[in-house]
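Let's take a relaxed tour of a protein model. Have a look at the sequence and the 3D view before reading on.

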Amino acid sequence: MFSILIYLSLPFAFLFHDIEEIAKRKRWARIHADRIGGMYPNMRPMLVHLRDMSNRSFCIIVVEELLLIILAVICAIYGSFMVPLLALTWGFCIHLVVHIIQALAVKGYVPGLTTSVLLLPYAGIAAADMLQQFSWQQNLLYAVSGIAIVGFNLILMHTMLNK
């Protein structure tokens with residue numbers, strides 16, 4: 001029973017995290033894009049893109065991602081098909097860790113850092129639960145699938161909204 005509650009709470013954890021990104025992204029990018037682009041020149045195009053992207057476009061991406069997570073929850077509840085939800089849970093947990101690594105790399109705050117730190121216990125419990133319930137091979141497959149789904153979806157949405 002406890003396990004399923006972890007996964008069913010993913011939409012709320014995601015929304016909690018992305019509200020911070022929505023609130024902080026634009027101003028943060030305007031202030032820090034040039035400095036961080038100087039530190040990591042390969043990242044400059046992405047930083048400029050994030051700086052110039054409207055909040056409306058960013059919110060559309062967040063809502064679309066939230067709908068994917070809700071669809072995965074519905075599949076888990078009504079179809080007893082947990083794979084998409086497990087993959088997205090791994091993707092989200094890894095996403096939180098990426099924010100922390102980004103903050104260490106730039107030696108400062110990045111949008112999403114505060115909620116990433118606050119959600120680390122959630123991510124740890126979810127990861128521990130999945131590692132306990134499934135083999136390492138299954139977890140590796142879920143994690144790689146989750147990263148691929150999240151990455152592909154983000155690239156697709158940013159590309160579509162950039163046109």
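What follows goes from the overall fold to salt bridges, cysteines and a patch on the surface.

## The big picture

Keep in mind that this is a predicted model. The protein chain has eight helices and zero strands, so reading along the sequence simply gives α-α-α-α-α-α-α-α.

How does the chain fill space? Its C-alpha atoms fit a box of roughly 45 × 30 × 25 Å along the principal axes. A compact globule with 163 residues would have a radius of gyration near 15 Å, and the 16 Å of this chain agrees with that. Of the 163 residues, 39% count as buried. Contacts also reach a long way along the chain: of those between residues at least 6 apart in sequence, 77% join residues at least 24 apart.

## A little network of charges

Side chains of opposite charge can pair when their charged atoms come close. Here the count comes to three salt bridges, and Asp34, Arg44, Arg51 and Asp52 are linked in a network of them.

Start with Arg44 and Asp34, whose side chains meet at 3.9 Å, N to O. Arg44 sits in helix α3 (residues 44-52) and Asp34 in helix α2 (residues 10-39), so this pair ties together parts that are ten residues apart in sequence. Asp34 also meets Arg51, at 3.8 Å. Arg51 lies in helix α3 too, so that pair ties together parts 17 residues apart in sequence. Arg51 has another salt bridge, with Asp52, at 3.1 Å.

Are the two arginines buried or exposed? Partly exposed, as it turns out: Arg44 has 33% relative accessibility, and Arg51 has 23%.

## Cysteines without a bond

A disulfide is a covalent bond between the sulfur atoms of two cysteines. How many does this structure hold? Zero. Cys75 is in no disulfide, and the nearest cysteine sulfur, that of Cys93, is 19 Å away. That is too far for a bond, because a disulfide needs the two sulfur atoms within 2.5 Å.

Their surroundings can be compared as well: Cys75 is partly exposed at 29% relative accessibility, whereas Cys93 counts as buried at 6%.

## A nonpolar spot on the surface

The chain's accessible surface is about 9300 Å², and 74% of that belongs to carbon and sulfur atoms. Val63, Leu67, Ile70, Ile74, Ile77 and Tyr78 make a nonpolar surface patch of about 600 Å².

Take Ile77 as one of its members. Ile77 is found in helix α4 (residues 55-78) and counts as partly exposed, at 44% relative accessibility.

Key: Residues numbered from 1 in each chain as written. Predicted model: local features only at pLDDT ≥ 70, side-chain atom pairs only at ≥ 80, totals over all residues. Heavy atoms only, no water. Patch = residues over 30% accessible without salt bridge, like charges linked within 9 Å, V, L, I, M, F, W, Y side chains within 5 Å. Areas by Shrake-Rupley, 256 points an atom, 1.4 Å probe, with all protein chains shown as cover. Salt bridge = Lys/Arg side-chain N within 4 Å of Asp/Glu carboxyl O. Helix = DSSP H or I, 4+ residues; strand = E, 2+ residues; numbered from the N terminus. Buried < 20%, exposed > 50% of the residue type's maximum accessible area, 1.4 Å probe, protein only. Rg over C-alpha atoms; globule rule 2.2 N^0.38 Å. Contact = heavy atoms within 4.5 Å.
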